[in-house]
Amino acid sequence: MIKTKLIAVFITLVTSLNLFAMSNDGNQANKPNIVFIAIDDMNDWVGYMDGHPQAITPNMDKLANEGVAFMNAHSVAPGCSPSRNALLYGVEPYKSGLYAFYDHSIHKQLHQKYTSLPQFLKENGYATYGAGKIHHGPEKSELEWTGYLETDNHKKQFARGKGFGKGSKASYRPTTNPYGELYDHQVASYGIDVIGKKHDKPYFAAIGLVKPHLPFDCPVEFYDALPEKITPPELLENDLDDIGVEGNSMRRAGDDKKFKAQKVWGKVRRAYLSCISWADYNVGRVLEAVENSPQADNTIVILWSDHGFHLGEKKSFRKFTLWEESSRVPFIIHDRRQTETKKQRKVEQAVSLINVYRTIAELASLQAPKYVDGFSLVPQLNDQNSPVKAPAIASWGRGNYSVRTENWRLIQYFDKTQELYNNQKDPNEWHNLAGKPEYKEKLTELVNLLPETEAPTVEEYISNWSIYGADKQRLKVESKKQGKKKQKKKNKNK
Ligand SMILES: [Ca+2]
Ligand SMILES: [Ca+2]
C-alpha cells in the first residue's frame with residue numbers, strides 16, 4: 001500500500017516537474033549550462049570543413065569530432081548586423097524588416113518588440129554572462145545580462161617586415177603584444193572565469209570573438225605557423241558573365257583588383273588564416289575550461305560564426321554576397337550530457353542559423369516565444385539523418401534571397417534575375433543553370449521555397465552604407481539629402 005502511494009507520489013512529482021519545465025516557470029533543476037561561442041566573419045577555412053587546405057584549427061576540429069558538426073550550415077544574412085539581429089532576436093529579416101546594418105541605438109526599440117535569446121534565458125532562471133561581440137555593437141542591457149565584460153584597450157604593436165597595410169581596418173600585419181592585451185584573449189578569459197566558478201543557477205556564457213574580422217592582425221606566432229606560399233582560390237575565366245547586374249554589384253571588385261595589382265592576395269589570405277588560428281586558440285582555451293569545470297557533464301557548447309567571407313573567390317573580397325563563401329559557416333553543437341554517442345556525427349543537410357534560438361530553448365526544456373522563427377535541431381543532434389523541416393534561406397537587402405538545400409542553391413534578386421547552382425557538382429558556383437530549360441523544374445521547386453511575404457525595411461536607425469536590394473537607390477538618395485540637411489544645420493550653428 002505504502003509502496004503504491006509512493007509510486008503515485010513519484011509519478012505526480014515527475015509529471016509536474018516536466019510540466020513545470022515546459023511551462024517556463026523558472027524551475028532550474030538540472031537545466032544545462034550553455035557555452036555560446038560567437039565568431040565574427042569566419043568562413044569555412046576550418047580543418048574539419050575542408051574549406052582551405054592550409055587551415056590550422058585543432059580545437060574546432062576536436063569539438064566537431066566530439067559534438068555534432070553541421071557541415072552545411074548557413075548564415076541568415078551576409079553581414080554582422082542583420083545576421084546577429086536575426087539569430088539573437090529569433091526573427092527572419094523578411095519578417096522583421098531588419099535587412100540592413102543599424103546603429104546600436106536600435107536595440108532599445110528591439111527589446112520592446114522582441115525577447116532576445118539572452119533575455120529569454122535570463123527570464124527563465126539562467127545567470128547570463130557576456131563578453132566581446134555578441135550583438136552587433138555594444139549592447140549590455142540588464143534585461144539580457146547578469147554580467148558583461150569591460151575590455152581594456154591596448155595599442156597594437158606590429159612585427160617588423162611582415163604582412164602589409166597600415167589602415168585601422170585595412171591592416172594585414174601580425175602583432176607582438178602580450179596575448180593578454182588583445183581583445184579576444186580578454187573575452188575568452190572572462191568566459192573561462194565564468195565557466196570555472198561554482199554556480200547556484202544554470203549559466204549562459206556568451207563569448208564573442210572578433211577575429212578573423214578585419215583588421216587581419218593577431219599574434220605573430222600564428223602568422224609564422226603558416227607557410228609562405230598560400231594556396232590561391234580556384235577561379236574560372238568568365239565566371240561572372242552569367243550573373244546579372246545586382247549579383248555583380250554585390251562583389252567588392254575594387255579590392256580584388258587592388259590586391260592583384262599590388263600582388264598581395266597571398267599575404268591577405270595568410271593573415272586571414274592566421275586570425276582563424278588565433279580564434280581557434282581562444283576557442284581551445286574555453287573548451288579546456290569547460291572540460292575541467294565542476295559541471296562539465298551538464299554543459300552544452302554551441303559554436304557559430306555570423307557569416308562567411310570571400311578572399312578572392314568569384315573575384316570578390318569581404319562578405320555581402322549571397323554566394324557560398326559568404327553563406328557557409330562553422331556551426332557545432334556539443335551536448336556533453338550525451339555520453340553514449342558515436343564520434344564524427346556530421347549533418348550534411350543544409351541548415352540555417354535562424355534555428356539556434358529554438359534549438360537552445362529545447363535543449364533547456366523551455367518554450368521559445370511564439371513569434372520566434374526557425375525550428376529546433378535537437379532531432380538532428382540525436383540522429384544526424386533526421387530530415388530538417390525547411391531549407392536555409394538567406395536575405396541581403398529587401399528582395400534578395402538565397403535558398404540553400406543539401407545540394408542546390410537558388411539566388412533570386414529583387415530585379416527577378418536568378419542564379420541556380422548544383423553545389424554537389426559545382427561547389428564553386430561557377431555554372432549558373434537558371435536559364436537552362438532542363439533545370440526548369442528544379443528552379444520552380446526552389447522558387448516555391450522563397451518567402452511568401454516580405455516586411456518593409458525598418459528605416460529608423462539605419463546605417464545604409466551596405467544595403468543591397470530593392471531599397472538601395474531610394475535610401476541612397478534620401479541619406480544624401482539627410483546629410484546635406486545636417487551639414488546646413490552644422491554650418492548655421494557655427
Ligand atoms: Ca561579422
Ligand atoms: Ca558563372
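**Two sheets, their helices and a shared core**

In this predicted model, an open sheet of 3 strands is arranged in the order β11-β3-β14, and its pairing is mixed. The edges of this sheet are taken by β11 (328-329) and β14 (351-352), each of which has a single partner strand, so one side of each is left without a neighbour in the sheet. Strand β3 (residues 73-74) runs parallel to β14 and is joined to it by 2 bridges, and within this pairing His74 has Ser352 of β14 as its bridge partner.

A second open sheet is built from 8 strands in the order β6-β5-β7-β1-β8-β12-β2-β13, again with mixed pairing. Its edge strands are β6 (147-148) and β13 (345-347), each of which pairs on one side only. Strands of a sheet pair through backbone hydrogen bonds, in either a parallel or an antiparallel sense. Inside the sheet of 8 strands, β8 (residues 299-305) and β12 (residues 331-335) are paired in the antiparallel sense over 5 bridges, and the bridge partner of Ile302 in β12 is Ile333.

Helices lie across this sheet. Helix α2 (residues 58-66) lies across β2 (68-70), β8 and β12, and runs at about 55° to β12. Helix α11, in turn, lies across β1 (33-39), β7 (203-209) and β8, running at about 175° to β1.

Helix α11 also packs against another helix, α7 (residues 183-196), and the axes of the two come within 9 Å and cross at roughly 10°. Because angles under 35 degrees count as roughly parallel, α7 and α11 are described as roughly parallel to each other. On the α7 side the contact is made by Asp184, His185, Ala188, Gly191, Ile192, Ile195 and Gly196, which meet Trp278, Ala279, Asn282, Arg285, Val286, Ala289 and Val290 of α11. Sorted by class, this contact of α7 with α11 has 8 nonpolar, 4 polar and 2 charged residues.

In soluble globular proteins, nonpolar side chains tend to be buried together. Here, the largest nonpolar core has 132 residues, and those with the most contacts inside it are Phe36, Ile37, Ala205, Ile207, Val286 and Ile302. The largest share of this core, 14 residues, comes from helix α11 (residues 265-291). One of the residues with the most contacts in the core, Ile207, touches Phe36, Ile37, Ala131, Gly132, Val187, Ala188, Gly191 and Val286, when residues up to four places away in sequence are not counted.

Helix α3 (residues 80-89) is mostly covered, with 10 of its 10 residues buried. The buried residues run through the helix and include Cys80, Pro82, Arg84, Asn85, Leu87 and Tyr89. Among the elements that cover the buried residues of α3 are α4 (93-96), β4 (101-102), α5 (106-113), α6 (117-123) and α13 (356-363). After α3 comes Gly90, whose phi is positive, near 75°.

A different setting is found at Glu221, which belongs to helix α8 (residues 220-224). Because a residue is buried if 20 or more other C-beta atoms lie within 10 Å of its own, and exposed if 12 or fewer do, Glu221, with 15 such atoms within 10 Å, is partly exposed. Glu221 and Ser168 are 53 residues apart along the chain, and their C-alpha atoms are separated by 21 Å.

Terms used
Residues numbered from 1 in each chain as written. Chains lettered and ligands numbered in written order. Predicted model: local features only at pLDDT ≥ 70, side-chain atom pairs only at ≥ 80, totals over all residues. Core = buried A, V, L, I, M, F, W, Y, C linked by C-beta atoms within 7 Å. Helix = DSSP H or I, 4+ residues; strand = E, 2+ residues; numbered from the N terminus. Contact = placed C-beta atoms within 7 Å. Pairing = 2+ DSSP bridges. Axes fitted to C-alpha atoms, helices over the stretch in contact; angles between N-to-C directions. Parallel < 35°, antiparallel > 145°, perpendicular 65-115°, else oblique. Nonpolar A, V, L, I, M, F, W, Y, C, P; charged D, E, K, R; others polar.
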